[in-house]
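Here's a quick briefing to read alongside the coordinates. Take a look at the sequence and the model first, then go through the notes by topic.

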Amino acid sequence: MPLTDQHRFGMQLAQMSRGWRAELDRRLADLGLSQARWLVLLHLARFEEAPTQRELAQSVGVEGPTLARLLDSLEAQGLVLRQAVVEDRRAKKIVLCATARPLIEKIETIATALRHELFVGIDEDELGICMRVHARILANLEKS
């Protein structure tokens, strides 16, 4: 059975996503962080106010128990703190420690350099079309 363009597109998108993450992971290996941990740090750094553990789990796209284990290791490294929420004793806010900031800057610098390499030869119009197609696919996923 021949592959349709939609099938090839899906396979190519998955391959690109895995390859991009794997290359970034390889470049970040010297920082001593797993992909899951650097991803949590990047998501955490994008919040304006310290999120709850639940909000962070939703942002990263992982289950609560998985995030709890990642936070345990990040806390042991002195990169994050869990703080009690006064209004809800069960909830914890996740706060970046000062020691995490330089590490996040290194992650961002490495990620930006890779992104610039990967987008060589792609103009703004092509990127815009691609982003619109991806947005439609994501919208269709949400309807499912």
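Start with the lining of the largest pocket: its residues split into twelve nonpolar, three polar and one charged. Keep in mind that this is a predicted model. The pocket itself has a volume of about 650 Å³.

**Largest pocket**

- In total, 16 residues line this pocket, and those nearest its centre are Leu13, Met16, Trp20, Cys130 and His134.
- Two elements give two or more residues to that lining, namely α1 (5–28) and α6 (124–143).
- Which element gives the most to the lining of the largest pocket? That would be α6, with seven residues.

**Second largest pocket**

- The second largest pocket holds about 330 Å³ of space.
- Its lining is made up of 13 residues, with Trp20, Arg21, Leu24, Trp38 and Leu39 lying nearest the centre.
- Here the elements giving two or more residues are α1, α2 (35–46) and α5 (100–118).
- Sorted by class, this lining has seven nonpolar, two polar and four charged residues.
- Trp20 is worth a click in both places: it is among the residues nearest the centre of the largest pocket, and it is also among those nearest the centre of the second largest pocket.

**Overall layout**

- The chain's secondary structure adds up to six helices and two strands.
- Going along the sequence, you'll read the pattern as α-α-α-α-β-β-α-α.
- Taken along the principal axes, the C-alpha atoms fill a box of roughly 55 × 35 × 30 Å.

**Helix α6**

- The 20 residues of α6 should span 28 Å at 1.5 Å a residue, and the end C-alpha atoms are 29 Å apart, so the two values agree.
- What caps the N-terminal end of α6? Asp123 does the job, with a side-chain oxygen 3.0 Å from the backbone nitrogen of Asp125.

**Salt bridges**

- Searching the whole structure turns up eight salt bridges.
- One salt bridge pairs Arg8 with Asp5, where the closest N and O atoms are 3.4 Å apart.
- Arg8 and Asp5 are three residues apart in helix α1, so about one helical turn separates them.
- More generally, an α-helix has 3.6 residues a turn, so residues three or four places apart point the same way.

**The two strands**

- Strand β1 (residues 80–85) and strand β2 (residues 88–96) run antiparallel, and six bridges join them.
- How many residues sit between β1 and β2 in their hairpin? There are two residues between them.
- On the β2 side, Val85 has Asp88 standing opposite.
- Elsewhere in the pairing, Gln83 has Lys93 of β2 as its bridge partner.
- If you're following side chains here, remember that in a regular strand they alternate between the two faces of the sheet.

Definitions and conventions
Residues numbered from 1 in each chain as written. Predicted model: local features only at pLDDT ≥ 70, side-chain atom pairs only at ≥ 80, totals over all residues. Heavy atoms only, no water. Pairing = 2+ DSSP bridges. Helix = DSSP H or I, 4+ residues; strand = E, 2+ residues; numbered from the N terminus. 1 Å grid on protein atoms, 1.4 Å probe; cavity = no way out; pocket = protein on both sides within 12 Å on 5 of 7 lines; lining within 4 Å. Points joined across faces, edges and corners; volume = space filled by probe spheres on them. Nonpolar A, V, L, I, M, F, W, Y, C, P; charged D, E, K, R; others polar. Expected span 1.5 Å × (residues − 1). Polar contact = N/O pair within 3.5 Å; in protein donor to acceptor, adjacent residues only side chain to side chain. Salt bridge = Lys/Arg side-chain N within 4 Å of Asp/Glu carboxyl O.
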